[in-house]
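Visitor: Please take a close look at the charged side chains here. I would like the salt bridges and their settings.

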Amino acid sequence: MAKSSHVQMSPEAVEVARRSQTAGMRAFVYGTVLALSGVAVGTTVGAHVMEVRSAEDVRMLAKAAFEPAALALRQRFAPLKDWSQEVMGREGGAEARLPQERFTQSALSQRISSRLGVNRSTGTHGL
């Protein structure tokens, strides 16, 4: 007869496990309450120090903080935006699309396309 892998715990061991579980849950609850209280107090103190009185104040402070970074990103990517608008055209019509012959298909892409039965010229696939 096969032995069971289940081990019977003594009543003392069961009591120790129950107390340990209770202590762990209590620590989890106390830690959660402490963390939430800390966030609430920190937010309140920060709002008071920064003289935030309304949501509009928060919006203005966020805009003042992030506007320089947004402007720098816009300037950094302006050439890419101009290039993409030139290549794709403002209307995005069929005549503005890039000619397919400008791009060569890699050997890996060709193998995958042939295995999947993809026809690039028609955009259809065999799946």
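Guide: What follows goes through the charged pairs, then one unpaired acid. This is a predicted model, where local features need pLDDT of at least 70, side-chain atom pairs count only at pLDDT 80 or more, and totals for chains, interfaces and linings use all residues. Residues are numbered from 1 along each chain as its sequence is written, and side-chain values use heavy atoms, with hydrogens and water left out.

A salt bridge here is a side-chain nitrogen of Lys or Arg within 4 Å of a carboxyl oxygen of Asp or Glu. The count is three. Start with Glu-15. Its partner Arg-18 has the closest N and O atoms 2.6 Å apart. Glu-15 also bridges Arg-19, at 2.9 Å from N to O. Glu-15, Arg-18 and Arg-19 thus form a network of salt bridges.

Spacing comes next. Helices are DSSP runs of H or I, at least four residues, numbered from the N terminus. Arg-18 and Glu-15 sit three residues apart in helix α1 (residues 11-49), so about one helical turn separates them. Glu-15 and Arg-19 are four residues apart in helix α1, again about one helical turn.

For accessibility, buried means under 20% relative accessible area, exposed over 50%, and partly exposed in between (1.4 Å probe, protein chains only). Glu-15 is partly exposed at 30%. Arg-19 is exposed at 55%.

In helix α2, Glu-56 and Arg-59 are three residues apart. Their salt bridge has its closest N and O atoms 2.8 Å apart.

Asp-57 lies in helix α2 (residues 55-88). Asp-57 is buried, yet has no salt bridge. The nearest side chain of opposite charge, Arg-53, is 6.2 Å away; Lys and Arg count as positive, Asp and Glu as negative, with His and the chain ends not counted.

Terms used:
Helices (H or I, at least four residues) and strands (E, at least two) are DSSP runs, numbered from the N terminus.
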